[in-house]
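Good morning, everyone, and thank you for making time for this. Please take a moment to look at the sequence and the structure before I begin.

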Amino acid sequence: LRCSCRLGGGLVQAGGSLRLSCAASGSYVMGWFRQYPGKEREFVAAITWSGGNTYYTDSVKGRFTISRDNAKNTMYLQMNSLKPEDTAVYYCAAARYYTGWPPSRVGMDYWGKGTLVTVSS
């Protein structure tokens with residue numbers, strides 16, 4: 001189980017877009033979490049590797065799209081219509097086995113290094 005890649009964070013103006021990517025293998029489900037300063041990591045989106053089932057937290061529905069390329073063992077998070085409240089450190093995460101749907105922070109058994117996404121007004 002691995003997640004090693006350039007995540008693709010950065011600074012963007014409100015309304016802009018960014019795409020995050022993460023590579024991993026041996027995962028049943030992968031997802032994205034984010035962490036605000038002084039807060040614990042929270043769920044953003046997840047995708048099952050085989051079936052491609054997706055789930056999003058309400059605050060990003062219609063704006064973020066999670067996808068995966070099985071051949072490349074890569075997961076993506078396309079973030080559109082970004083808002084200042086999306087500013088956070090984003091983490092790639094993976095779980096080897098099903099532990100619930102959507103996956104929770106405690107259910108993930110791999111965490112990539114976080115990348116800072118900053119959305120300015």
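Let me start with a word I will need in a moment: a residue is called buried when its relative accessible area is under 20%. Please also keep in mind that this is a predicted model.

With that cut-off in hand, we can turn to C92, whose relative accessible area is 0%, and which is therefore buried. C22 also has a relative accessible area of 0%, so C22 counts as buried as well. These two residues belong together, for C22 and C92 form a disulfide in which the sulfur atoms are 1.9 Å apart. Which parts of the chain does this pair tie together? C22 lies in strand β3, residues 18-25, while C92 lies in strand β9, residues 88-95, so the disulfide ties together parts that are 70 residues apart in sequence. Its handedness can be stated too: the torsion about the S-S bond of C22 and C92 is about -75°, and the disulfide is therefore left-handed. The structure holds one disulfide, so you can find it by looking for C22 and C92.

Now let me move to the aromatic rings. A pair of such rings is described by the distance of the centres and the angle of the planes. A search of the whole structure finds six aromatic pairs, and one of them is formed by F33 and F43, which meet edge-to-face, at 5.7 Å centre to centre and with 80° between the planes. Because F33 lies in strand β4, residues 29-35, and F43 in strand β5, residues 42-48, this pair ties together parts that are ten residues apart in sequence. Both F33 and F43 are buried.

F33 has another partner, W111: the ring centres of F33 and W111 are 5.0 Å apart and their planes stand at 70°, so this pair is edge-to-face. It links distant parts of the chain, with F33 in strand β4 and W111 in strand β10, residues 110-111, which are 78 residues apart. Are these two partners buried or partly exposed? F33 is buried, at a relative accessible area of 1%, whereas W111, at 25% relative accessibility, counts as partly exposed.

If we step back, F33, F43, Y55, Y91, W101 and W111 form one aromatic cluster. Finally, please look at R41, whose charged end sits over the ring of Y91, 3.5 Å from its centre; the charged end of R41 also sits over the ring of W111, 4.7 Å from the centre of that ring.

Key:
Residues numbered from 1 in each chain as written. Predicted model: local features only at pLDDT ≥ 70, side-chain atom pairs only at ≥ 80, totals over all residues. Heavy atoms only, no water. Disulfide = S-S within 2.5 Å. Helix = DSSP H or I, 4+ residues; strand = E, 2+ residues; numbered from the N terminus. Buried < 20%, exposed > 50% of the residue type's maximum accessible area, 1.4 Å probe, protein only. Phe/Tyr/Trp six-rings, centres within 6.5 Å; stacked < 30°, edge-to-face > 60°. Lys NZ or Arg CZ within 6 Å of the ring centre and 35° of its normal.
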